[in-house]
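This report describes the architecture of a single protein chain, with attention to its helix packing, its aromatic pairs and selected loop residues.

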Amino acid sequence: MERDEVSEEDVSRMWEAYEKVRDNASRNDLAEYYLPLVRYTAGRLAISLPSHVDRDDLLSSGFFGLLDAIERFDAARNIKFETYASVRIRGAMVDYLRAKDWMPVTARSRVRKYGDTMAKLTNELGRAPTDEEIQKDMALDDKEFRQLQAQLAMATMLPIDDMGIELEASAPSPSASMEAEELKKTLAKAIDKLPEKERMVVSLYYYDELTLKEIAQILHLTEARISQLHTKAVFRLRGSLARMKASLF
């Protein structure tokens, strides 16, 4: 049966069957129905990943995350399964990527320096620095800067989530909700200050929830260029939020 032919009543029956016996067959029926969640999550995560990452391995890790979500899901917590499963699926994919640990220590150090340099120049110039200004400040030649730009994409594997704005798998406390709302307001202001193309990429990715390929088609740019714009935007936003957090202490 195709997914679009499955009614809400059919899904409810699948869950009832699984809860009753909790066997592999009924679990696999649910996994087959929710499999598009895995593909969707992989498609969105691809905006931050280098081309050599094996998509099949990424999908496999996400599938195991889906199975884990099915086994652990508790409907009594009053959370939609899709919300809960998306967090588990993405977490499984990120664990897989972290386990590969493809970035050398020297590259990590250079990526951190890039972020610090961008924040420093933004404060000094009162605007977003250009690539040329960053390259000059870091004293890198053209080849070194191109290598750094390739490494930056790997460093944004957890783009906005690293800033503390991630979808919770359980109901947040009132204080946590207030903090998250304040963070979102600050983030919205920082997004408004981004260069136009970076702002469009962020909006289409995080608010309209489009994939890298879909954004490239809309903006008539290559997927590689969209990934580059996304990377720059993430580093600018991290800098803005870091300054916000520092001002609180």
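Helices here are DSSP runs of H or I with at least four residues, numbered from the N terminus. Under that definition, Tyr114 has its place in helix α5. The model under discussion is a predicted one.

## Overall composition

The chain contains 11 helices and zero strands. Read from the N terminus, its elements follow the order α-α-α-α-α-α-α-α-α-α-α. The chain comprises 249 residues, 40% of which count as buried. Among contacts with a separation of 6 or more, 67% involve residues 24 or more positions apart.

## Packing of helix pairs

Two packed helices are described by the angle between their axes and by the distance between those axes. The table gives these values for two helix pairs.

| Helix pair | Angle between axes | Distance between axes |
|---|---|---|
| α3 and α4 | about 140° | 7 Å |
| α5 and α6 | about 115° | 10 Å |

With an angle of about 140° between them, α3 is oblique to α4. The crossing in which α3 passes α4 is right-handed. On the α3 side, the residues that meet α4 are Asp57, Leu58, Ser61, Gly62, Gly65, Leu66, Asp68, Ala69, Ile70 and Arg72. Their counterparts in α4 are Phe81, Tyr84, Ala85, Arg88, Ile89, Ala92, Met93, Tyr96 and Leu97. Sorted by class, this contact of α3 with α4 comprises 12 nonpolar, three polar and four charged residues.

Helix α5 spans residues 105-125 and helix α6 spans residues 131-138. The crossing of α5 and α6 is also right-handed. From α5, the contact draws on Arg110, Lys113, Tyr114, Thr117, Met118, Lys120, Leu121 and Leu125. Helix α6 contributes Glu133, Ile134, Asp137 and Met138. The contact of α5 with α6 divides into six nonpolar, one polar and five charged residues.

## Tyr114 and its surroundings

Is Tyr114, a residue of helix α5, buried or exposed? Tyr114 is buried, its relative accessible area being 1%. Apart from neighbours within four places in sequence, Tyr114 is in contact with Ile134, Met138, Phe145, Leu148, Leu152, Lys232 and Phe235. The C-alpha atoms of Tyr114 and Gln135 lie 9.0 Å apart in space, although the two residues are 21 residues apart in sequence.

A further C-alpha separation concerns Met118 and Thr130, which are 12 residues apart along the chain and 9.1 Å apart in space. Thr130 belongs to the loop between α5 and α6 and, at 33% relative accessibility, counts as partly exposed.

## Aromatic pairs

A pair of aromatic rings is described by the distance of the centres and the angle of the planes. The structure holds 10 aromatic pairs. One of them is formed by Trp15 and Tyr18, whose rings are 6.4 Å apart centre to centre, with 75° between the planes, an edge-to-face arrangement. Trp15 and Tyr18 are three residues apart in helix α1 (residues 8-21), so about one helical turn separates them. Both Trp15 and Tyr18 are buried.

Another pair joins Phe73 and Tyr84: the ring centres are 5.8 Å apart and the planes lie at 50°, so this pair is tilted. Phe73 lies in the loop between α3 (55-72) and α4 (81-100), whereas Tyr84 is in helix α4, so the pair ties together parts that are 11 residues apart in sequence. Phe73 is buried, with 13% relative accessible area, and Tyr84 also counts as buried, at 4% relative accessibility. Tyr84 is in addition one of the α4 residues that meet α3.

Which residues do the ring pairs link into a cluster? The cluster consists of Trp15, Tyr18, Tyr33, Tyr34, Phe73, Phe81 and Tyr84.

## Loop residues with positive phi

Two residues other than glycine deserve mention for their backbone conformation. Asn78 has a positive phi near 60°. Asn78 is found in the loop between α3 and α4, and its relative accessibility of 73% places it in the exposed class. Ala139, likewise not a glycine, has a positive phi of about 55°. Ala139 occupies the loop between α6 and α7 (142-155) and is exposed, with a relative accessible area of 65%.

Definitions and conventions: Residues are numbered from 1 along each chain as its sequence is written. This is a predicted model: local features need pLDDT of at least 70, side-chain atom pairs count only at pLDDT 80 or more; totals for chains, interfaces and linings use all residues. Side-chain values use heavy atoms; hydrogens and water are left out. Rings of Phe, Tyr and Trp (its six-membered ring) pair if their centres lie within 6.5 Å; planes under 30 degrees apart count as stacked, over 60 as edge-to-face and the rest as tilted. Buried means under 20% relative accessible area, exposed over 50%, partly exposed in between (1.4 Å probe, protein chains only). Axes are lines fitted to C-alpha atoms, for helices over the stretch in contact, and angles run from 0 to 180 degrees between N-to-C directions. Angles under 35 degrees count as roughly parallel, over 145 as roughly antiparallel, 65 to 115 as roughly perpendicular and the rest as oblique. A crossing is left-handed if the near helix is turned anticlockwise from the far one by less than a right angle, and right-handed if clockwise. Contact means heavy atoms within 4.5 Å. Ala, Val, Leu, Ile, Met, Phe, Trp, Tyr, Cys and Pro count as nonpolar, Asp, Glu, Lys and Arg as charged, and the others, Gly among them, as polar.
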